[in-house]
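Q: I am new to this structure and would like a close look at one part of it. Please choose a single strand, and explain how it fits in with what surrounds it.

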Amino acid sequence: MTQTGTVLQVIGPVVDVIFDEGKLPPIYRALSVSNPNISPEPDNLVLEVSRHIGEHTVRCIALDTTDGLSRGLRVRDTGEFITVPVGKEVLGRIVNVIGHPVDGKAKLDQVQRKPIHREPPLFVDLDTKI
């Protein structure tokens, strides 16, 4: 079951979200909120938790415009970390920061995705050949 919070304040790309006690999402978790200035789709703005401030509040970085957000909007904890598509299917494509294609071509739904925050590969595993 995903948790919901409420927008507490918006300062440029920084959004503070308040949750019930004991329900704080972990650092790097993706949250979503509806921003009517982006599109009419629900939960169209992704926020990434960057810090816990207090027992009830998280500070997030918005990955798109925050124009149109206001205090009191419902924020949903997605229960996942931000991921992007990886693999040969992505080569030559243009995707935004959350992995959605912006080149007008087909969606990348059936492509492997990996979290943007993960351990780097071991040096011995790196190869310059494709």
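A: Contact, in what follows, means heavy atoms within 4.5 Å. The model is a predicted one, in which local features need pLDDT of at least 70 and side-chain atom pairs count only at pLDDT 80 or more, while totals for chains, interfaces and linings use all residues. Residues are numbered from 1 along each chain as its sequence is written, and side-chain values use heavy atoms, with hydrogens and water left out.

The whole protein comes first, as a setting for the strand. It has eight strands and zero helices, where strands (E, at least two residues) and helices (H or I, at least four) are DSSP runs numbered from the N terminus. Read from the N terminus, the order of elements is therefore β-β-β-β-β-β-β-β. Along the principal axes, the C-alpha atoms fill a box of roughly 50 × 35 × 30 Å. Of the 130 residues in the protein, 28% are buried; buried means under 20% relative accessible area, exposed over 50%, and partly exposed in between (1.4 Å probe, protein chains only). Among contacts with a separation of 6 or more, 59% are between residues 24 or more positions apart.

Six of the strands form a closed barrel in the order β1-β2-β5-β4-β3-β6, with antiparallel pairing. Neighbouring strands of this sheet are turned against each other by 45° on average, direction ignored. Such angles run from 0 to 180 degrees between N-to-C directions, with axes fitted as lines to C-alpha atoms (for helices, over the stretch in contact). Two strands count as paired if DSSP finds at least two bridges between them. Strands of a sheet pair through backbone hydrogen bonds, either parallel or antiparallel.

The strand chosen here is β3, residues 29-33. In the barrel order, β3 stands between β4 and β6.

On one side, β3 and β4 (45-53) run antiparallel and are joined by four bridges. Two pairs of residues place the strands against each other. Ala 30 has Glu 48 of β4 as its bridge partner, and Ser 32 stands opposite Val 46 in β4.

On the other side, β3 pairs with β6 (74-81), also in the antiparallel sense and over four bridges. Here Val 33 has Val 75 in β6 as its bridge partner.

How much of β3 is covered? Five of its five residues are buried. In a regular strand the side chains alternate between the two faces of the sheet. In β3 both faces are covered: Arg 29, Leu 31 and Val 33 are buried on one side, and Ala 30 and Ser 32 are buried on the other.

The loops at either end of β3 each hold a residue with a positive phi. Before the strand, in the loop between β2 (14-18) and β3, is Tyr 28. Tyr 28 is not a glycine, yet its phi is positive, at about 75°. With a relative accessibility of 40%, Tyr 28 counts as partly exposed, in contrast to Arg 29, which is buried. After the strand, the loop between β3 and β4 contains Asp 43. Asp 43 is not a glycine either, and its phi is positive, at about 50°. Asp 43 is partly exposed too, because its relative accessibility is 22%.

One further link leads from β3 to the start of the barrel order. Val 75, the bridge partner of Val 33, is also in contact with Thr 4. Thr 4 belongs to strand β1 (residues 4-11). Apart from neighbours within four places in sequence, Thr 4 has contacts with Phe 19, Arg 74 and Val 75. Thr 4 is partly exposed, with a relative accessible area of 43%. Val 84, by contrast, lies 80 residues from Thr 4 in sequence and 24 Å away in space, C-alpha to C-alpha.

To sum up, β3 is a strand with five of its five residues buried, and it is paired by four bridges to β4 and by four bridges to β6.
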